[in-house]
Each structure stands twice: as C-alpha cells, then as structure tokens.
Amino acid sequence: MKSEFLTGRLAREYQTMAKMTRLYCRANCSDNEAQSDLCPECDELLAYAEKKLDRCPYGGEKPTCGNCPIHCYKPAERQQARVIMRYAGPRMILRHPLAAIQHIADSRRPVPERPPMQANRRRRNRPRPLQP
C-alpha cells in the first residue's frame, strides 16, 4: 500500500505501519478470510495512521511515534496500534528485515525541538485565500 499524500521519511513510516498491520491482520483477524487484504478494522486504523502522519507537526523531522512527545492518536486507536506493533514487531525482522532495521535506526534518532503550537503540515501547505 502506497500513500498518495506522504513523501520521504513519513512515507517510509507509513509503509512500515502498513507491513506491520498486514502481518497482524493475516494472523489474527477472523474477518480476513481472503488473506489478501486487510479486514475493515485494520484498514480503518491504517487510514487513520496515514491521516495522522500527514498532519504531523514535525513533518520530515518526525521521530517515531513511540518516541514522540506529542501523542496525536486517540486512546482506542493508540491501543490498537500498540497491539499490532507488539505482535508484528518481532516478526518484521524475518519478513521485512530492511524495514525493521530502518525503523530501529529511526527510533534511535534524537527527538527534534517541539514545533510551535498549531503547527500542522496541512495548514502550512494550504494556499492562503486572497485578501481584498
């Protein structure tokens, strides 16, 4: 699954989340009988993750979500993502070793300075209306 909004490190983080979600869903979701795509709950979480990555105030300097001082996920989605990552994390080394190593390297990067309040990638990239 490729994101149409994200580029650079944010796109790579989304790809890692998609791979982890796919691993989890194929093994644990009973709704996923075809074993080819995600169940509706996992698909919703992945869309939610893409939206949150797109709107991250850190932008390209974003730390991994586990190291981020700003917790932007709602509690239910955060718990669901935690469950997925605990299951899929150890299995990523065998199934997607390059993505796992890149994620470990990213998690060791220092956390950048906190962005100013109301810093939002969507808001920054949106063209301003013309003033009369």
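**Entry 1: the fold.** I took a helix to be a DSSP run of H or I with at least four residues, and a strand to be a run of E with at least two, both numbered from the N terminus. With that settled I turned to the chain, keeping in mind that this is a predicted model, and I found that its secondary structure comes to five helices and zero strands. Reading along the sequence, I noted the pattern α-α-α-α-α. I also looked up how much of the chain is covered, and buried residues make up 36% of its 132 residues.

**Entry 2: the largest pocket.** Next I asked how much space lies in the largest pocket, and the computed value is about 680 Å³. I counted 27 residues in the lining of this pocket, and I wrote down T64, C65, G66, N67 and M85 as those that lie nearest its centre. The elements that give two or more residues to this lining are α1 (8–28), α2 (40–54), α3 (75–95) and α4 (97–107). Of the elements, α3 has the largest share of the pocket lining, with five residues. When I sorted the lining of the largest pocket by residue type, I obtained 14 nonpolar, seven polar and six charged residues.

**Entry 3: the enclosed space.** I then searched for closed cavities, and the count came to one cavity of 30 Å³ or more. The largest cavity holds about 40 Å³ of space. Which residues line the largest cavity? I listed R9, R12, E13, T16, T64, Q102, H103 and D106. Helices α1 and α4 each supply at least two residues of this cavity lining, and α1 gives the most, with four residues. Sorted by type, the lining of the largest cavity has no nonpolar residues, four polar and four charged. I marked T64 in my notes for a second look, since this residue appears in the cavity lining and is also one of the residues that lie nearest the centre of the largest pocket.

**Entry 4: a patch on the surface.** Last, I went over the outside of the model and found that I93, L94 and I104 form a nonpolar patch on the surface, with about 310 Å² of accessible area together. I picked out L94, which lies in helix α3, the helix that also gives five residues to the lining of the largest pocket. Is L94 buried or exposed? Its relative accessible area is 75%, and because exposed means over 50%, I entered L94 as exposed.

How values were computed. Residues are numbered from 1 along each chain as its sequence is written. This is a predicted model: local features need pLDDT of at least 70, side-chain atom pairs count only at pLDDT 80 or more; totals for chains, interfaces and linings use all residues. Side-chain values use heavy atoms; hydrogens and water are left out. On a 1 Å grid over the protein atoms alone, a cavity is a set of points where a 1.4 Å probe fits but cannot get out, and a pocket is an open set with protein on both sides within 12 Å along at least five of seven lines; lining residues have an atom within 4 Å of a point. Grid points are joined across faces, edges and corners, and a volume is the space filled by probe spheres set on the points. Ala, Val, Leu, Ile, Met, Phe, Trp, Tyr, Cys and Pro count as nonpolar, Asp, Glu, Lys and Arg as charged, and the others, Gly among them, as polar. Patches are made of residues with over 30% relative accessible area and no salt bridge: like charges are joined within 9 Å, nonpolar side chains (Val, Leu, Ile, Met, Phe, Trp, Tyr) within 5 Å. Accessible areas come from the Shrake-Rupley method with a 1.4 Å probe; for residues, only the protein chains shown count as cover. A salt bridge is a side-chain nitrogen of Lys or Arg within 4 Å of a carboxyl oxygen of Asp or Glu. Buried means under 20% relative accessible area, exposed over 50%, partly exposed in between (1.4 Å probe, protein chains only).
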